[in-house]
Amino acid sequence: MTSDLVDRLGFAPGTRAVIINADDFGMCHAANTAISGLLRAGDIDSTTLMVPCAWAPEALSFAASRTDLDIGVHLVLTSEWTDYRWRPLTGIASTLVDDAGYFPAGALAVEQRASVDDVVAEIAAQLQAALDAGVDVTHLDNHMGSVYGLLTGRDFLAPVLALAARHGLPFRLPRVMEGADAALARRLEQVGAAADALGVEIVDRLWTHPFEEVPGESYEQVRDGFLALLRAVPAGVTEIYLHPMVDDDELRAVVDFAAVKRGHELRLLADPLVRKAIADEGLVRIGWRALRDLQRSPVA
C-alpha cells in the first residue's frame, strides 16, 4: 500500500522514488569527511546532522555554505558509544541524561524516563541551533528511533510532528512497514493520520542497510546486499538510510563496533555498480527538499 505522494510530487503513478540519506553528519570528523564528499559528488540525496555532537560545528559550517544541498536535523536523545558521548543542548538538569550527565545509551531509557517538556525543549533547541548557523534545513529525522516508542509504546511523536509542522518541515516516518504486526500497522496508520492532519509530509516506507557488520563479511557481500535492496524497492517514495564514514583511526576510537561496515558503506555509495543498478531499475532519485517544497506549497 502506498500513498498518493508520488502523484502529488508530479511523477507518474507507479514511480519507484528513492531518497538515499546518510545519517550522523556531525558525529565525528570521519562522518563529516565521508558525507560531505558524497554530497558534493551527488552520490547521496540528503543527510541529517547531529547538532549536539563535538564535530557538529564543522558540519554546520559546510551545510551553511551549501544551501543547495538537502541537509536536515537528526534529532538526538541518545548517545550510544562508550568513550565518545554528547550532552543535551538544554543542559544536564534534565530527564534526558544518565547518571554521568550524557544522553542515555539507548532508546529504552528515553522512553522510560524522559519528560515531554524536556523533549520538547531539546528538539526545538537542536533545530534552532541549525537554523541559527545558517542551515537551510530540509527535513527532520531521529537518531536511533528514540521518539518512536518502539520498545515500550511511549513515544514522543506528537511534539516532533508539531515542531515539523511549525517550521514547514517533513519528518522521517514510514506509512507502512513490511512485516509489521497488526498492532504496529494500526499505530503507523494512526501516526500517519496525525502527520496528515498537521500537513507534515512523510514517506511511504523507510528502509536501511543492516547496521551491524558480519565477521568476515567482504565489501563485495555488503555491496551485493545493497544492490538487492535497490532491486526490491516498490512503487512510492522510499527513504534508504546508511551511515557512511571514513574507516580511520578516529572512527575506530569513537565507535564500539562496525567501523569496517561504515567504511564499506562509504565505498558502496560511490560505487559505479550502485549507480548502474539505480539506473537499470528505473529508480527516480529525489531529495527531501521536494517534500518540503510540497509541504510549503499553498495547495499542499
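This is a guided tour of a predicted model, taken strand by strand and then out to a pocket and a helix.

**Start at β1**

Begin by selecting strand β1, residues 16-25, which is mostly covered, with ten of its ten residues buried. While β1 is highlighted, look for the strands that pair with it: seven bridges join β1 to β6, the two running parallel, and within this pairing I19 has E239 of β6 as its bridge partner. Strand β7, residues 284-285, also pairs with β1 in the parallel sense, over two bridges, and here the residues to pick are A17 and its bridge partner V284. A further parallel pairing, over three bridges, links β1 with β2, where A22 stands opposite T47. To follow the chain from β1 to β2, trace it through helix α2, residues 29-41, a β-α-β crossover that is right-handed.

Before leaving β1, select D24, which has its place in this strand. Its phi is positive, about 75 degrees, although D24 is not a glycine. Most residues other than glycine have a negative phi. D24 is also buried, with a relative accessible area of 3%.

**On to β2, β3 and β4**

Next select β2, residues 46-49, together with β3, residues 71-75. These two strands run parallel and are joined by three bridges, and T47, already met opposite A22, stands opposite I71 in β3. The chain passes from β2 to β3 by way of helix α3, residues 56-65, in another β-α-β crossover that is right-handed. Strand β3 is mostly covered, five of its five residues being buried. From β3, add strand β4, residues 140-142, which pairs with it in the parallel sense over three bridges; the residues to click are V73 and, opposite it, L140.

**Across to β5 and β6**

Now select strand β5, residues 205-208, and colour its two faces separately: R205 and W207 make up the covered face, while L206 and T208 make up the uncovered one. In a regular strand the side chains alternate between the two faces of the sheet. The partner to add is β6, residues 236-242, which pairs with β5 in the parallel sense over four bridges, with T238 as the bridge partner of R205. Between β5 and β6 the chain goes through helix α8, residues 219-231, and this β-α-β crossover is right-handed.

**The largest pocket**

Turn to the largest pocket, whose volume is about 860 Å³. To find its centre, select M144, G145, Y148, L150 and Y241, which lie nearest to it among the 37 lining residues. The elements giving two or more residues to this lining are β1, α4 (107-113), α7 (182-198) and β5, and α7 gives the most, with five residues. Colouring the lining by class will show 19 nonpolar, nine polar and nine charged residues.

**Finish at A258 and α12**

Select A258, in the loop between α9 (249-254) and α10 (259-269). A258 has a positive phi of about 70 degrees without being a glycine, and it is buried, with a relative accessible area of 1%.

For the last stop, select helix α12, residues 288-296, where W288, R289, L291, R292, L294 and Q295 are buried. What covers these residues? Among the elements to display around them are α1 (5-8), β1, β2, α6 (157-167) and β6, which brings the tour back to strands that have already been visited.

Conventions. Residues numbered from 1 in each chain as written. Predicted model: local features only at pLDDT ≥ 70, side-chain atom pairs only at ≥ 80, totals over all residues. Heavy atoms only, no water. Buried < 20%, exposed > 50% of the residue type's maximum accessible area, 1.4 Å probe, protein only. Pairing = 2+ DSSP bridges. Right-handed = clockwise from strand over helix to strand, strands pointing away. 1 Å grid on protein atoms, 1.4 Å probe; cavity = no way out; pocket = protein on both sides within 12 Å on 5 of 7 lines; lining within 4 Å. Points joined across faces, edges and corners; volume = space filled by probe spheres on them. Nonpolar A, V, L, I, M, F, W, Y, C, P; charged D, E, K, R; others polar. Contact = heavy atoms within 4.5 Å.
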